[in-house]
Amino acid sequence: MTVPEKATTSPEPLLKVSGLVKHFPIKKGLLQRQSGAVQAVDGLDFDVRPGETLGVVGESGCGKSTMGRLVTRLLEPTSGTIEFEGKDITHLNTAQMRPMRRDVQMIFQDPYSSLNPRHTVGAIVSAPFRLQGVTPEGGIKAEVQRLLALVGLNPEHYNRYPHEFSGGQRQRIGIARALALKPKLVVADEPVSALDVSIQAQVVNLLDDLQDELGLTYVIIAHDLSVIRHVSDRIAVMYLGKIVELADRKDLYERPMHPYTKALLSAVPVPDPKRRAKRERILLKGDVPSPIAPPSGCRFHTRCWKATEVCERQEPPLVSLATGHQVACHHPESVSDVQLPPRGPDQAPEEKAGAEAAQKVTKKTES
Amino acid sequence: MLAYLIRRLFAVVVMLLVVTLTTFAIFFVIPKWAGTDPALLFVGKQADPAAIEGIRQKLSLGDPVLVQFWHFVQGLFAGRDYANGSDVTHCPAPCFGYSFRTEQAVWPQLTDAMPVTLSLAAGACLLWLVGGITTGVVSALRRGTLWDRSAMTIALAGVSLPIYFTGLLSLAIFSYSLKWVNVDYKPFGDDPAMWFESLILPWITLAFLYAAMYARLTRATMLEIMGEDYIRTARAKGLRERVVIGRHAMRSTWTPVLTLLGLDLGALLGGAVLTESTYNLPGLGRLAVNAITDKDLPVILGVTLIAAIFIVVANLVVDLLYAVIDPRVRLG
Amino acid sequence: MTDLTKSSGQPGNGDLPATGTAAVGEVAAAGSPAPTAFLEVRDLRVHFPTDDGLVKSVDGLSFRLEKGKTLGIVGESGSGKSVTSLGIMGLHTAGQYGRRKARISGEIWLNGQELLGADPDEVRKLRGREMSMIFQDPLSALHPYYTIGRQIIEAYRVHHEVTKEVARKRAIELLDRVGIPQPDKRVDSYPHEFSGGMRQRAMIAMALVNNPELLIADEPTTALDVTVQAQILDLIRDLQKEFGSAVIIITHDLGVVAELADDLLVMYGGRCVERGPAEKVFYEPQHPYTWGLLGSMPRIDRDQTERLIPVKGSPPSLINVPSGCAFHPRCPYADVPKDNITRTERPELRELRGKDAGGGHFSACHMTQEERTRIWTEEIAPKL
């Protein structure tokens with residue numbers, strides 16, 4: 001999905017998220033007191049620019065789906081702010097959110113459970129009109145049929161039920177529903193992961209076409225790094241509730257800076273049998289730690305081969321480099337390739353030391 | 001686990017207090033509706049005013065309701081004295097008071113009736129679990145066959161037919177016509193063989209109703225479990241089908257069965273009432289029915305409390321059993 | 001697999017000496033001689049009667065696999081790949097209740113023994129000992145109420161008359177081998193106390209406890225995260241080297257088979273459309289469906305911004321399988337061969353001729369080899 005011209009020039013982000021936190025409390029004991037919290041999302045900062053596709057990738061438990069539900073306000077954030085077109089929507093209640101729902105829509109993973117089996121396709125796709133009390137030009141039925149045609153379904157299937165459709169077709173119904181009100185932002189949570197490979201490609205192409213046609217902005221959440229590489233303009237990599245790296249697609253895949261990103265990319269099996277002997281694979285130890293008690297300092301340090309004492313102690317901030325590449329690591333990879341950002345005086349000396357140490361480490365590994 | 005137990009036991013105590021209070025309230029509300037008063041119920045219709053006043057004194061019916069309730073609870077744990085001047089009757093703990101009809105202490109009546117109901121309930125429960133689960137499993141394994149369809153038809157009949165119908169029918173056939181069994185109840189201590197014989201028909205009658213439900217539940221659960229991945233794994237290991245069913249599938253059917261059992265143990269007393277009346281068994285059910293017809297309030301109160309304790313404890317046991325059966329269940 | 005007889009579904013060549021044991025000799029005599037390959041599947045058909053009709057999940061599948069080799073079976077949901085694996089394990093017939101039973105025909109030869117005609121109890125004794133299987137979702141594939149150790153011990157003791165203590169030692173040894181930390185403690189854990197990756201490791205330990213010669217892995221990493229998937233694939237590869245077993249890996253993910261498989265078999269609508277050495281199938285695919293799979297896949301190793309090339313339409317119904325070539329309704333080249341043959345005649349699996357002859361590369365397509373090679377090199381490959 002190519003970035004339209006305006007995206008790069010537009011100064012105003014469509015969605016601006018800062019310090020976003022969501023903790024789910026855990027209750028325990030005799031008096032059911034809160035004994036802890038699942039720190040699903042723990043301090044996210046990012047922008048989504050109009051017309052672009054932001055890919056969000058990470059393993060299970062990294063908080064990517066929770067993030068999706070927070071920015072569409074299906075969940076109430078614990079703290080932080082979400083701004084949509086400059087308007088603070090962080091704590092709007094259901095009624096206040098209603099007008100916003102036209103502009104922000106969501107596509108879900110499972111095309112089997114996200115459609116009510118007792119409603120016809122027509123009823124499902126027209127639901128947004130009825131909820132918003134909007135009558136589109138030419139009437140609801142005509143508009144729904146236009147939407148069905150838009151997503152590649154037969155408009156005459158208006159009166160059919162979801163079970164009469166295949167998985168891929170159901171996902172198209174979900175997309176038609178999401179597009180009914182001509183939203184500006186579409187958040188898609190694993191839109192293709194439940195589909196077969198050949199069908200997956202159809203839906204990816206459809207999302208692509210719709211973006212070009214309707215000028216949509218996407219936030220696409222997925223665990224599949226290949227799909228994310230294909231659809232995204234910029235990509236955020238999440239690990240245990242934090243963004244560890246955020247960069248342009250090309251940058252991220254060609255010069256990953258966070259060790260986690262590097263490991264993640266190297267772990268993806270490549271459909272190229274000749275390459276399996278050649279490629280070096282970084283095998284991470286163990287599993288993702290529990291988000292109830294995430295590791296101190298850098299959350300990745302327990303599995304990181306570059307971790308030093310500072311990683312255990314201090315959490316690395318998400319730092320923006322001159323290239324626009326953002327990374328949260330004390331010892332980033334490929335540092336020599338890119339210019340380090342000018343460090344402001346407000347930066348703690350320790351951090352500088354950390355970055356310098358990182359450079360040394362990288363050089364050592366390279367030589 | 002300990003915190004859980006403490007919390008649950010605390011809840012049990014509160015629950016029982018509430019049940020007692022509610023039933024105790026009935027003690028006063030019902031006579032009011034009936035346009036009479038408890039003292040009158042106690043002494044009978046032709047009593048002279050002095051006797052009524054005496055009883056009122058003796059049972060402290062003049063005190064405020066809460067004070068009376070307090071005396072009642074005290075009596076349960078410490079026993080109490082009923083006094084009218086020099087006329088003192090000591091009622092040892094647990095004191096449920098005296099029957100209006102027989103002027104006998106309620107507690108001994110309850111302790112006499114309890115073994116009967118427990119024999120009936122435990123035997124029937126065992127019978128319906130064994131019968132219901134076996135039928136359900138076999139039906140599931142022979143899904144769609146003649147056996148399955150007949151078993152499920154009989155089960156449907158079992159769920160639909162009322163106890164007094166099946167009870168009276170079996171009584172008429174097996175006891176009166178064929179004279180195969182004698183249904184006069186004998187306590188186990190007196191004559192175990194007679195005890196067993198007298199309870200066979202009640203057990204079957206009561207169990208038939210429940211077995212039917214358990215058969216249907218087990219069949220449905222079993223069908224679901226046989227499609228589970230871990231059953232496929234068990235077969236892939238090369239286990240004999242007997243072991244696959246016995247060790248892997250059956251183990252999982254217990255959870256839903258236990259859930260239903262927890263609910264049924266509570267409702268069981270209702271079934272026991274009908275069965276006991278039908279077979280004239282001197283159990284809690286019959287005691288309760290008689291007490292209700294006689295407006296014998298202390299007995300009603302006693303039976304209700306015993307039933308409540310039974311339900312609450314049964315539920316607690318079922319919840320604890322969950323944790324024993326399923327290691328994923330963490331109490332807390 | 002590499003020397004599979006030319007026409008699928010036909011008995012093997014006469015030059016294969018019969019090595020069947022006495023027990024299966026009768027079966028072999030009635031059908032065809034026992035093969036020399038470690039595993040040979042001949043014309044396997046698995047059909048399930050349903051209310052809507054006969055579901056032909058697998059409809060004439062043949063392949064061969066030698067010890068120490070890995071065969072990847074690739075296909076989308078409903079292509080029959082899992083049904084095939086369960087068929088080899090004899091799990092369609094084991095524990096079949098009720099009136100409707102799967103109808104299975106063909107031959108499955110494992111180590112010179114024919115399994116489909118054999119006594120079910122004999123096949124049961126092979127399960128878990130000579131052939132074992134790991135499944136997609138290790139959480140649902142392990143019994144939730146029994147400890148990991150107990151389940152592994154059980155798997156060992158079915159086939160070995162040993163005490164619980166001996167079996168327990170063996171279980172701990174295997175758990176250690178598959179990389180579970182503190183195996184002597186974790187052996188007493190329940191499946192829900194393990195993470196997804198650990199459960200799959202435990203599953204593998206259980207499958208390998210009897211040193212099977214054939215390991216079937218059905219989507220072994222689909223339910224796992226990428227980093228854990230890499231660990232598990234590595235483990236399977238290492239264990240295969242160590243145990244020298246034959247491995248069948250079933251997956252929808254071409255990346256996974258590219259990592260592991262020596263040979264590849266692509267299934268569509270219950271039939272094999274292409275099979276051959278992995279590199280051949282990846283670099284010179286000969287069937288339009290294989291092209292479709294390759295074109296549908298976004299690539300992690302390329303910065304590709306063009307559109308994907310999906311396969312149009314949806315997978316076929318297995319009850320009313322399209323006539324002729326099952327793929328023809330979705331095939332962009334269905335009209336290349338003459339006389340409407342793609343709609344009327346089922347294409348045979350034929351080996352490639354010319355320089356590829358004898359390489360074991362087969363495909364079932366009505367187009368000529370020249371047409372296919374031209375389309376692949378000129379139209380498809382440049383776009384990938």
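This report describes a predicted model with chains A, B and C, taking the chains in turn and then their cores and selected residues.

## Chain A

Chain A contains 13 helices and 12 strands. Of its 367 residues, 54% are buried. When contacts between residues at least 6 apart in sequence are considered, 65% of those in chain A link residues at least 24 apart. The exposed area of chain A is about 15,800 Å², of which carbon and sulfur atoms supply 51%.

## Chain B

Chain B is built from 12 helices and two strands. Read from the N terminus, its elements follow the order α-α-α-α-β-β-α-α-α-α-α-α-α-α. Along the principal axes, the C-alpha atoms of this chain fill a box of roughly 85 × 60 × 40 Å.

Buried residues account for 47% of the 332 residues in chain B. For contacts between residues at least 6 apart in sequence, the share that joins residues at least 24 apart is 63% in chain B. This chain exposes about 16,500 Å², and 68% of that area is supplied by carbon and sulfur atoms.

## Chain C

In chain C there are 14 helices and 12 strands. The chain has 384 residues, of which 59% count as buried. Of the contacts in chain C between residues at least 6 apart in sequence, 65% connect residues at least 24 apart. Its exposed area is about 14,700 Å², with 49% supplied by carbon and sulfur atoms.

## Nonpolar cores

In soluble globular proteins, nonpolar side chains tend to be buried together. The largest nonpolar core in the model has 106 residues, and the members that touch the most others are C:L39, C:F63, C:I88, C:M131, C:I204, C:L214 and C:I248. Helix α8 of chain C, spanning residues 196-208, gives the largest share of this core, with eight residues. Another core lies apart from it and holds 67 residues, including A:I220, A:V231, A:Y253 and A:Y260.

The surroundings of C:I88 can be listed in detail. With neighbours within four places in sequence left aside, C:I88 is in contact with C:L39, C:V41, C:F63, C:I108, C:L115, C:M131, C:L214, C:I216 and C:I248.

## Helix packing in chain B

Two packed helices are described by the angle between their axes and the distance between the axes. In chain B, the axes of helix α5 (residues 106-141) and helix α8 (residues 192-226) come within 4 Å and cross at roughly 35 degrees. The crossing of α5(B) and α8(B) is right-handed. Sorted by class, the residues in this contact are 23 nonpolar, seven polar and one charged.

## B:Y279 and its contacts

B:Y279 belongs to helix α10 of chain B, which covers residues 241-279. Is B:Y279 buried or exposed? Its relative accessible area is 4%, so B:Y279 is buried, the cut-off for that class being under 20%.

Outside the neighbours within four places in sequence, the residues in contact with B:Y279 are B:G167, B:S170, B:L171, B:V183, B:L201, B:P202 and B:T205. One of these, B:L201, is 78 residues away from B:Y279 along the chain, while their C-alpha atoms are separated by 8.5 Å.

## A:D212

A:D212 is part of helix α7 of chain A, residues 197-214. This residue counts as exposed because its relative accessibility is 52%, and the exposed class begins over 50%. In sequence, A:D212 and A:G51 are 161 residues apart; in space, the C-alpha to C-alpha distance is 8.7 Å.

## Residues with positive phi

A:R73 is not a glycine, yet its phi is positive, at about 60 degrees. The residue is found in the loop of chain A between α2 (64-71) and β4 (79-84). Its relative accessible area is 8%, and A:R73 is therefore buried.

C:D43, also a residue other than glycine, has a positive phi near 50 degrees. C:D43 is found in strand β1 of chain C, which comprises residues 39-50. With a relative accessible area of 21%, C:D43 is partly exposed, because buried requires a value under 20%.

Note on methods: Residues numbered from 1 in each chain as written. Chains lettered and ligands numbered in written order. Predicted model: local features only at pLDDT ≥ 70, side-chain atom pairs only at ≥ 80, totals over all residues. Heavy atoms only, no water. Buried < 20%, exposed > 50% of the residue type's maximum accessible area, 1.4 Å probe, protein only. Contact = heavy atoms within 4.5 Å. Areas by Shrake-Rupley, 256 points an atom, 1.4 Å probe, with all protein chains shown as cover. Core = buried A, V, L, I, M, F, W, Y, C linked by side-chain atoms within 4.5 Å. Axes fitted to C-alpha atoms, helices over the stretch in contact; angles between N-to-C directions. Left-handed = near helix turned anticlockwise from the far one by under 90°. Nonpolar A, V, L, I, M, F, W, Y, C, P; charged D, E, K, R; others polar.
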